[in-house]
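Trainee: Hey, could you walk me through this one? I'd like to get a feel for how to read it.
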Amino acid sequence: MNPHQWLELALYIGALVAVTKPLGLFINRVLDPNGRTWLDPVFRPLEKLTYRVLRVDPAKEHDWKQYAFAMLLFSLVSCLFTYAILRLQDILPLNPQKLAALTQHLAFNTAVSFTTNTNWQSYPGESTMSYFSQMVALTIHNFFSAAVGIAIAGALVRGIARHTANTIGNFWVDVTRIMYYLLLPLCIVLALVFVSQGMIQNFKPYTTAKLFESYTIQVQKTDDKGQPVTTNVAVTVSVPKLDEKGQPLMTNGVAVMMDVPQLDAKGQPVMTNVPVMVDQKVETQGIVQGPMASQVAVKMLGTNGGGYTNANAAHPFENPTPLSNFLQMLALLCIGSALTYHLGRETKNQKHGWAVWSAMFAMFLAGVLFCWWAEARGNPMHQNLGVAVADGNMEGKEVRFGILDSALFATVTTDASCGAVNSMHDSFTPLGGLVPLFNIQTGEVIFGGVGAGLYGMLIFVILAVFIAGLMVGRTPEYLGKKIEAYDVKMALLAFVILAFIILGFTAWASVSDWGKAGLANQGPHGFSEMLYAYTSGAGNNGSAFAGLNANTPWWDTTLGIDMALGRFGMIVPLLALAGSLARKKIVPASAGTFPVTDLTFVLLLVGTVILVGALTFLPALALGPVVEHFLMLKGNLF
């Protein structure tokens, strides 16, 4: 934790503050159907053409049910479109590597993942997806899902700002304007900057490079027709080894075990079919190519996170320089930060927008510092083996990024619903890994995903003013509107759905054979891998403790359901809340009105987020990273 690292953190914070107001003003114009921007000469004709093609009347607004139906229909159709492309990948164009079509369960998981802005990947991108699948099936969802998130936030803010109204906007207009005026221009500029930093953008076949030093691997033997060759072998079981007297041999109080053939009821050896393995010499390596910069730009700005490569932002092509790393982290939070300014502008209470921003920033800074401290402190077991304390925990991290950039990226990507990584969260210390896990479990309201962060935080704003109203014994009010039972129920329903699916699926997987079969680690770390997977899915994040092998029918299917419920199970109650707030009348402020612009409100809001998250997930966290930390101090690793 040297001065240069503190300076970098300060520069990042300064850059985030600097873009919040101007980008927030621009978003305010984009979310206004009649708003004017300097991009109108380019995109206004395209916008009008889109409405004509879709037969949309931009002047006709939706109530919350119509808005929700349009959103669900749009998401369903785009999900089925992506599923079809992935299943037909092998016969579609732009597939120079001749990659096969995805299996049913993997195609389902991936289609749902990108539709919900999760971008969970149960596959290595460079060896699974063709250029066509990357660009048409996946990248369009990076735009669509991000636009949907911002549109939902805009609809909720309209519901807060309007009074005695029955509508909250037009879904088709919101999504169209967000994609044309906000996401597309920003992504073009950012992609060009990434190309200038050395990020690739081409349609070349993968480059084959000759290795300086070959190595040998084992592969399954095939016959002349390319079919796997198998053989029958006896199934063995472990039994205690006996001495001459028939007594078990013991070593240090433990029985010596030996393998013997397993016998069936007739006393015959039980046989099983296994593949025949042969040595294969590897002398070349495939180096990924393709349209990477264009996809990384929207991956970050849209807080999508799905990597073009398996290593994601740790890959030198996907994140080539310190500047590209800095810009990717800034891109992750800039729209989420700017939306708080839009909240203040739209509600004509800019101080409230900055108060919400301050609560988000306080939790962001606390998470960064704690994760940085935990990783800089290192692993005592490594230190016992001679690793210098000053080096910290460098396992799973790029030397070129070091501790701070790894901890900052991990915190930022889980504050946002992104999931992009420049280091492996599975290799963090238990307390370091606790930070990204808890960030997602808050609902990713710390700036959060594009749109999702703001509408998630507004759940806690409703709960905070409800608590404040109970404290003073009067009906809670929020920006001149009375918060009634229906509003609190909708806010709680949105959060309870997340908790139910995260904890429910984790409990199921932890006692199921299919769940435990995917673990690379046992004990509390294995439990953390399961908990992180379903937390990441429900929170629409997409990052993982990568020791988990989730590309199996059970994991792909349950994670797909987890992601869908986490996205739409939260959005629908929030749209119902937006409709309820829009219909309310404004009541004059009085001496008993709880202010939502001062430090007291910020502290109450932060406390509500932390306490609700802690009370919900603390027992599960105690079984995972917390107990793993204490066992690590005792010399146990998993």
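Mentor: Sure, and keep in mind that this is a predicted model. Let's start with a pair of helices: Leu 23, Phe 26, Ile 27, Arg 29 and Val 30 in H1 meet Arg 177, Ile 178, Tyr 181, Leu 182 and Leu 186 in H6.

Trainee: What kinds of residues make up the contact of H1 with H6?
Mentor: That contact divides into eight nonpolar residues, no polar ones and two charged ones.

Trainee: And how do people describe two helices that pack like that?
Mentor: You give the angle between the two axes and the distance between them. For H1 and H6, the axes come within 9 Å and cross at roughly 150°.

Trainee: Are H1 and H6 roughly parallel or roughly antiparallel, then?
Mentor: An angle over 145 degrees counts as roughly antiparallel, so H1 and H6 are roughly antiparallel to each other.

Trainee: Okay, new topic. What's the volume of the second largest pocket?
Mentor: The second largest pocket has about 410 Å³. It has 18 lining residues, and the closest to its centre are Leu 23, Leu 186, Val 189, Leu 301 and Cys 334.

Trainee: Which elements give two or more residues to that lining?
Mentor: Those are helix H1 (3-30), helix H6 (171-196) and helix H8 (322-346). H6 makes the largest share of the lining, with seven residues.

Trainee: How does the lining of the second largest pocket divide by class?
Mentor: It's 18 nonpolar, no polar and no charged.

Trainee: And the largest pocket, what are its volume and its lining like?
Mentor: The largest pocket has a volume of about 510 Å³. It's lined by 29 residues, and the closest to its centre are Gln 121, Asn 310, Gly 542, Ala 544 and Ala 546. By class, the lining of the largest pocket has eleven nonpolar residues, 17 polar and one charged.

Trainee: Let's talk about cavities. How many turn up?
Mentor: Searching the whole structure gives eight cavities of 30 Å³ or more. The largest cavity holds about 130 Å³ of space. Of the 14 residues lining the largest cavity, Glu 444, Ala 452, Gly 539, Asn 540 and Met 570 are the closest to its centre.

Trainee: Which helices supply at least two residues of the largest cavity's lining?
Mentor: Helix H13 (452-472) and helix H17 (553-583) each do. H17 has the largest share of that lining, three residues. The whole lining of the largest cavity divides into five nonpolar, seven polar and two charged residues.

Trainee: What about the second largest cavity, how much space is in there?
Mentor: About 80 Å³. The residues lining the second largest cavity include Phe 114, Gln 121, Asn 142, Lys 299 and Tyr 308. Gln 121 is also among the residues closest to the centre of the largest pocket.

Trainee: Which elements give two or more residues to the second largest cavity's lining?
Mentor: Helix H5 (131-161) and helix H7 (293-301). H5 gives the most, with four residues. By class, the second largest cavity's lining has four nonpolar, seven polar and one charged.

Trainee: Back to helix packing. You mentioned H17, so how does H14 pack with H17?
Mentor: Helix H14 (residues 485-510) packs on H17 at an angle of about 175°, and their axes are 8 Å apart. That makes H14 roughly antiparallel to H17. Their contact has 21 nonpolar, four polar and two charged residues.

Trainee: Got another pair for me?
Mentor: Try helix H12 (residues 430-441) and helix H18 (residues 599-633), which pack at about 160° with axes 10 Å apart. H12 and H18 are therefore roughly antiparallel to each other too.

Trainee: Is the crossing of H12 and H18 left-handed or right-handed?
Mentor: H12 passes H18 in a right-handed crossing. The H12 side of the contact includes Pro 430, Leu 434 and Phe 438, and the H18 side includes Ile 610, Phe 617 and Met 632.

Trainee: What's the class split for the contact of H12 with H18?
Mentor: Eleven nonpolar, three polar and one charged.

Key
Residues are numbered from 1 along each chain as its sequence is written. This is a predicted model: local features need pLDDT of at least 70, side-chain atom pairs count only at pLDDT 80 or more; totals for chains, interfaces and linings use all residues. Side-chain values use heavy atoms; hydrogens and water are left out. On a 1 Å grid over the protein atoms alone, a cavity is a set of points where a 1.4 Å probe fits but cannot get out, and a pocket is an open set with protein on both sides within 12 Å along at least five of seven lines; lining residues have an atom within 4 Å of a point. Grid points are joined across faces, edges and corners, and a volume is the space filled by probe spheres set on the points. Ala, Val, Leu, Ile, Met, Phe, Trp, Tyr, Cys and Pro count as nonpolar, Asp, Glu, Lys and Arg as charged, and the others, Gly among them, as polar. Axes are lines fitted to C-alpha atoms, for helices over the stretch in contact, and angles run from 0 to 180 degrees between N-to-C directions. Angles under 35 degrees count as roughly parallel, over 145 as roughly antiparallel, 65 to 115 as roughly perpendicular and the rest as oblique. Contact means heavy atoms within 4.5 Å. A crossing is left-handed if the near helix is turned anticlockwise from the far one by less than a right angle, and right-handed if clockwise.
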